[in-house]
Amino acid sequence: MPVATVSALAPGTMKWVVVERERVLIANVDGAFYALRDACGHRQEPLSKGRLEGHVVECPLHFATFDVRTGKLLSGPVAEDVRTYAVQVKDDTVYVKRAPSP
Ligand code: FES
């Protein structure tokens, strides 16, 4: 499903959208788009309220960090990775696949 326009999401920025009643974070890392669940596995804080530095997003609450490309936990008081979604870009539109990637 279409979730954003490329022109509205500059490199180094992120936003949250809703995919199947779930908040999903869309991040533009140097022109490549990534999608992951917009909830930190620690206390469910929206990661979209945090900071994006390169391909690393930092949770605003207790500063766990995740790789937005893979959803992998990098550091912090969390035990689990963040679920990612498949992303496709066509012309000026960013699409997120409804089913989460494994
Ligand atoms: S809620 Fe994200 S690190 Fe605690």
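The legends below describe close-up views of a predicted model.

**View 1. The whole chain is built from strands.** The chain has 10 strands and 0 helices. Read from the N terminus, its elements run β-β-β-β-β-β-β-β-β-β. The C-alpha trace spans about 40 × 25 × 20 Å along its principal axes. The radius of gyration is 12 Å, which agrees with the value near 13 Å that a compact globule of 102 residues would have. Buried residues make up 33% of the 102 residues. Among contacts with a separation of 6 or more, 36% are between residues 24 or more positions apart.

**View 2. The largest nonpolar core draws on several strands.** This core has 26 residues, and those that touch the most other members are Leu-25, Ile-26, Ala-27, Tyr-34 and Ala-35. At least two core residues come from each of strand 1 (2-5), strand 2 (14-19), strand 3 (22-29), strand 4 (32-37), strand 9 (84-90) and strand 10 (93-100). Strand 3 gives the largest share, 5 residues.

**View 3. Ile-26 and its contacts within the fold.** Ile-26 is one of the core residues that touch the most other members. Neighbours within four places in sequence are left aside here; the contacts of Ile-26 are then Val-3, Ala-4, Leu-9, Met-14, Lys-15, Val-17, Phe-33, Ala-35 and Val-94.

**View 4. Strand 3 and its pairing with strand 2.** Strand 3 is largely enclosed by the rest of the structure, because 6 of its 8 residues are buried. Strand 2 and strand 3 run antiparallel and are joined by 6 bridges. Across this pair, Trp-16 stands opposite Leu-25 in strand 3, and Val-17 stands opposite Val-24 in strand 3. Strands of a sheet pair through backbone hydrogen bonds, either parallel or antiparallel.

**View 5. The turn between strand 2 and strand 3.** The hairpin of strand 2 and strand 3 has 2 residues between the strands, and Glu-20 takes a positive phi near 50 degrees. Arg-21 is in the loop between strand 2 and strand 3. Arg-21 is not a glycine, yet its phi is positive, about 65 degrees. How many other C-beta atoms lie within 10 Å of Arg-21? There are 5, so Arg-21 counts as exposed, the limit for that class being 12 or fewer.

**View 6. Strand 3 and strand 4 form a second hairpin.** Strand 3 is joined to strand 4 by 6 bridges, and the two run antiparallel. Ala-27 has Tyr-34 in strand 4 as its bridge partner. Both Ala-27 and Tyr-34 are among the core residues that touch the most other members. The hairpin has 2 residues between strand 3 and strand 4, and Asp-30 in the turn has a positive phi of about 50 degrees.

**View 7. Val-18 in strand 2.** Val-18 has its place in strand 2. Is Val-18 buried or exposed? Val-18 is exposed, because 11 other C-beta atoms lie within 10 Å, and a residue with 12 or fewer is classed this way. Val-18 and Val-94 are 76 residues apart in sequence, and their C-alpha atoms are 13 Å apart in space. Val-94 is also one of the residues in contact with Ile-26.

**View 8. An open sheet of 4 strands.** The strands of this sheet lie in the order 5-6-7-8, with antiparallel pairing. Strand 5 (51-53) and strand 8 (73-75) are the edge strands, and each pairs on one side only. Neighbouring strands are turned by 30 degrees against each other on average, direction ignored. Within the sheet, strand 6 (residues 56-58) pairs with strand 7 (residues 65-67) in the antiparallel sense over 3 bridges. Glu-58 stands opposite Thr-65 in strand 7.

**View 9. Phe-63 in the loop between strand 6 and strand 7.** The loop between strand 6 and strand 7 holds Phe-63. Although Phe-63 is not a glycine, it has a positive phi of about 65 degrees. Phe-63 is partly exposed, because 14 other C-beta atoms lie within 10 Å. A count of 20 or more would make a residue buried, and 12 or fewer would make it exposed.

Conventions:
Residues numbered from 1 in each chain as written. Predicted model: local features only at pLDDT ≥ 70, side-chain atom pairs only at ≥ 80, totals over all residues. Core = buried A, V, L, I, M, F, W, Y, C linked by C-beta atoms within 7 Å. Contact = placed C-beta atoms within 7 Å. Rg over C-alpha atoms; globule rule 2.2 N^0.38 Å. Pairing = 2+ DSSP bridges. Axes fitted to C-alpha atoms, helices over the stretch in contact; angles between N-to-C directions.
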